[in-house]
Amino acid sequence: MIRRGFQVAARLGHHRGLLGAPRILPRLNPASAFGSSTDSVFSRFLPEKTELKDDALPNASWCLDMLCLYQEFLEKTKSSGWIKLPSFKSNRDHIGLNLPSGLAVSSDKGDCRIFTRCIQVEGQGFEYVIFFQPSRKKSVCLFQPGPYLEGPPGFTHSGSLAAMMDETFSKTAFLAGEGVFTLSFNIRFKNLIPMSSLVVMDIEVGKIEDQKLYMSCIAHSRDQQTVYTKSSGVFLQLQLEEESPQ
Amino acid sequence: RSFSSEEVILKDYSVPNPSWNKDLRLLFDQFMEKCEDGSWKRLPSYKRIPAEKIQDFKTHLLGRNPKFVKEEQLSQTQLFTRSFDDGLGFEYVMFYSDVEKRMVCLFQGGPYLEGPPGFVHGGAIATMIDSTVGMCALMAGGVVVTANLNINYKRPIPLCSVVMINSQLDKVEGRKFFVSCNVQSVDEKTLYSEATSIFIKLNPAKSLT
């Protein structure tokens, strides 16, 4: 379905009335290098020009494993159709679109941050970068949990791991099929993750039906010898609306 | 139970501060009343785990992991859910009923926990659910780790609103502790999410699976 004109209709079904319509300025990029309707999602998500700081770039806190894998995937963005996702301090900077209209959610919360960028001090919180391969609907997240994400002493809080997984599912679901809200999430923890070590998350999109996106994820060590978690997530698809120009 | 000197100077974060909104304070007062006859207990919450509990964990974990937990690393770390300034992240307090084996968490999610604009991130909700059911399992089983977490999200939670996470120990099978919970609005009329979980009591030098 070609949506170059950005149709405003929203298919909500029984979800109407549960969602807010915050005011977000659209970050539109109609004349992008991409062509089809799916690509218009990308062009909205990956702005060509921005002054926003991209947090998904190497910094001094990244361990060697993370730097090495980052380089490997960077090469793949040139050769095998992978895309590196930028990561801004707020989700509002990414998605220049509105949630379908319903209850108004007041956006006077002041400085809002996307949860996985809540701790802006280098190396202390979530250090991560996500790469996505549109043709195979796969993504990889390189994640290094910092000392502020501690659970058991010396190890990562299982909640922070769940958060990283939900976030990667969330971005993957959005780009693979406009998935917006988590419907369900199941995680099986196999091994504890030592603080500040590299976690590699491999995510695949399975079926997409009945307005739902089904995804699975395996989080493991770089050498794949240790599996940390296996998880699955289901996301709700929602057609987002372009905000009408003021 | 004796406390180490380190605990004496640690700040307890599970008490009202200026960022707590009216709903949270009201619920807090209601639960504090329940504590008066001893049937409920308020759990204190610190930024760092007290020294004696670290010893507990080390005993259980060193067997599994040949890497020793470095002392310098430990001094930099802090509990994830207490890594925020007042009102910006997780504002919460937990109350426990030993008789009912119930752990209730009153939770207010701040602007640094955003997911879809105006709503709390699914991962932040997962973190609080994990923390609540985890504490419930811990009260019953001592040193435990999360083995399985299954969450169904029914409705998104608006940022800065207050929810009640009501968790219950369902059963114990050997080393496995089964805990379920629901996340509701203050007036109990809205169900935001439901979750089930399994925690495993650690034995020294045994593997998780």
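## Strand pairing and the contact between chain A and chain B

In this predicted model, strand 5 (residues 199-209) of chain A and strand 6 (residues 212-220) of chain A pair in the antiparallel sense over eight bridges, where two strands count as paired if DSSP finds at least two bridges between them, and where strands (E, at least two residues) and helices (H or I, at least four residues) are DSSP runs numbered from the N terminus. Within this pair, Ile208(A) has Leu213(A) of strand 6 of chain A as its bridge partner. The hairpin that the two strands form has two residues between the strands, and Asp210(A) takes a positive phi near 55 degrees there. Strand 5 of chain A is also joined to strand 3 (residues 138-145) of chain A by six bridges, again in an antiparallel run, and Lys138(A) has Glu204(A) of strand 5 as its bridge partner.

As to conventions, local features need pLDDT of at least 70 and side-chain atom pairs count only at pLDDT 80 or more, while totals for chains, interfaces and linings use all residues. Residues are numbered from 1 along each chain as its sequence is written, chains are lettered from A and ligands numbered from 1 in the order in which they are written, and side-chain values use heavy atoms, with hydrogens and water left out.

In chain B, strand 7 (residues 191-201) is joined to strand 4 of chain B by nine antiparallel bridges, with Ile198(B) in strand 7 as the bridge partner of Asn148(B). Strand 7 of chain B also pairs with strand 6 (residues 176-185) of chain B in the antiparallel sense over nine bridges, and here Lys176(B) is partnered by Ile200(B). Five residues lie between the strands in the hairpin of strand 6 and strand 7 of chain B, where Glu188(B) takes a positive phi near 60 degrees.

How many bridges pair strand 4 of chain A with strand 4 of chain B? These two strands, the one in chain B covering residues 144-153, pair in the antiparallel sense over five bridges, and Asn186(A) stands opposite Asn150(B).

The wider contact (heavy atoms within 4.5 Å) takes 52 residues from chain A and 50 residues from chain B. The two chains bury about 4300 Å² between them, 64% of it on carbon and sulfur atoms, buried area being the accessible area (1.4 Å probe) that two parts lose on being put together, summed over both. On the side of chain A that touches chain B, the elements that give two or more residues are helix 3 (91-94), helix 4 (158-177) and strand 4 (179-189) of chain A, and strand 4 gives the most, with 10 residues.

Across the interface the rule finds zero salt bridges, a salt bridge being a side-chain nitrogen of Lys or Arg within 4 Å of a carboxyl oxygen of Asp or Glu.

UniProt, in unreviewed entries, lists a feature "domain: Thioesterase" in chain A and in chain B; such annotations may be inferred rather than shown by experiment.

| Span of the UniProt feature | Helix | Strand | Distance between end C-alpha atoms |
|---|---|---|---|
| Residues 154-227 of chain A | 27% helix | 43% strand | 18 Å |
| Residues 118-190 of chain B | 27% helix | 44% strand | 18 Å |
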